[in-house]
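Q: Please take a close look at one part of this model and walk me through its surroundings, residue by residue where that helps.

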Amino acid sequence: MNLPNKLTLARVCAIPVFLIFMLMPESVMPVMTSRIISLVIFIAAALTDTLDGYIARSRNLVTDFGKFMDPLADKLLVISAMICFVERNTVPAYIIIIIVAREFAISGFRLVAAEKKVVIAASMWGKVKTVVQMVFCGFFIVDLDVAAINVIEQILMYAALVLTIVSLIDYFVKNKHIIAEATK
């Protein structure tokens with residue numbers, strides 16, 4: 001197994017540890033301590049996404065495993081954090097449901113395309129969506145109760161929602177021929 005794939009697997013393995021600290025009861029650890037540890041784990045995991053892609057492309061180590069697992073690892077990390085926000089009652093469930101539904105839709109769409117030997121690469125909108133979602137998650141992981149930060153959190157939350165919808169539409173519009181073929 002090459003280094004980029006090991007980094008991807010490390011990101012997946014970091015998720016349960018992240019979740020333990022995200023959902024740590026205050027009786028076990030002070031809230032801010034567990035949130036900061038969660039944030040550090042989340043940032044480290046998110047950075048492996050950039051690092052594994054860079055190494056894979058620059059050293060010609062791109063594999064089918066990496067093409068499949070890298071975006072899946074990103075989705076698992078971000079969605080895990082977002083579900084915790086619903087659990088903590090800091091983000092409305094409908095926003096997370098829309099984001100998760102988009103991820104399932106695009107993953108399913110990619111599987112249909114793969115059957116037709118078509119690779120659907122990440123679009124610019126998809127990449128921007130991922131970055132905004134990760135920044136959104138970073139703010140909500142710590143969730144400081146400061147008025148100015150609360151405004152930034154709300155802007156990031158709705159920006160992530162809008163970009164999720166825009167990127168979904170973009171994928172379907174750019175690849176409508178695949179949908180047309182698959183529904184024949």
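A: Aspartate 70 is buried, because its relative accessible area of 18% falls under the 20% cut-off, and this is a statement about a predicted model. Aspartate 70 is placed in helix 3, and its side chain is joined to that of arginine 11 by a polar contact of 2.4 Å. When neighbours within four places in sequence are left aside, aspartate 70 is in contact with Thr8, Arg11, Asp49, Asp52 and Phe65.

The helix that carries aspartate 70 has 24 residues, and helix 3 reaches 35 Å from its first C-alpha to its last, which is close to the 34 Å expected at 1.5 Å a residue. Just after helix 3 comes asparagine 89, with a positive phi of about 65° although asparagine 89 is not a glycine. Asparagine 89 sits in the loop between helix 3 and helix 4 and is exposed, because its relative accessible area of 68% is over 50%. In the loop between helix 2 and helix 3, asparagine 60 likewise is not a glycine and has a positive phi, of about 55°; asparagine 60 counts as exposed, at 68% relative accessibility.

Helix 3, residues 64–87, also meets helix 5, residues 124–142: their axes come within 10 Å and cross at roughly 35°, and the crossing is left-handed. On the helix 3 side the contact is made by Asp74, Val78, Ala81, Met82 and Phe85, which meet Gln133, Met134, Phe136, Cys137, Phe140 and Ile141 of helix 5. Sorted by class, this contact of helix 3 with helix 5 has 9 nonpolar, 1 polar and 1 charged residues.

Turning to helix 5, its 19 residues should span 27 Å at 1.5 Å a residue, and the C-alpha atoms at its ends are 28 Å apart, which agrees with that expectation. The buried residues of helix 5 are Gly126, Lys129, Thr130, Val132, Gln133, Met134, Phe136, Cys137, Gly138, Phe140, Ile141 and Val142. What covers these buried residues includes helix 1 (3–22), helix 2 (31–58), helix 3, helix 4 (93–115) and helix 6. At the N-terminal end, helix 5 is capped by serine 123, which has a side-chain oxygen 3.3 Å from the backbone nitrogen of tryptophan 125. After helix 5 comes aspartate 143, whose phi is positive, near 50°.

The capping serine leads on to another aspartate, since the side chain of serine 123 also makes a polar contact of 3.3 Å with the side chain of aspartate 170. Aspartate 170 is found in helix 6, residues 147–174, and counts as buried, because its 13% relative accessibility is under the 20% cut-off. Apart from neighbours within four places in sequence, aspartate 170 is in contact with Ser123 and Trp125.

Alanine 122 lies in the loop between helix 4 and helix 5 and is partly exposed, with a relative accessible area of 44%. With neighbours within four places in sequence again left out, alanine 122 is in contact with Arg110, Lys127 and Tyr171. Alanine 122 and alanine 160 are 38 residues apart along the chain, and their C-alpha atoms are separated by 16 Å.

How values were computed:
Residues are numbered from 1 along each chain as its sequence is written. This is a predicted model: local features need pLDDT of at least 70, side-chain atom pairs count only at pLDDT 80 or more; totals for chains, interfaces and linings use all residues. Side-chain values use heavy atoms; hydrogens and water are left out. Axes are lines fitted to C-alpha atoms, for helices over the stretch in contact, and angles run from 0 to 180 degrees between N-to-C directions. Helices (H or I, at least four residues) and strands (E, at least two) are DSSP runs, numbered from the N terminus. A crossing is left-handed if the near helix is turned anticlockwise from the far one by less than a right angle, and right-handed if clockwise. Contact means heavy atoms within 4.5 Å. Ala, Val, Leu, Ile, Met, Phe, Trp, Tyr, Cys and Pro count as nonpolar, Asp, Glu, Lys and Arg as charged, and the others, Gly among them, as polar. Buried means under 20% relative accessible area, exposed over 50%, partly exposed in between (1.4 Å probe, protein chains only). A polar contact is a pair of N or O atoms within 3.5 Å; within protein, one must be able to donate a hydrogen and the other to accept it, and residues adjacent in sequence count only if both atoms are side-chain atoms. The expected span of a helix is 1.5 Å times one less than its number of residues.
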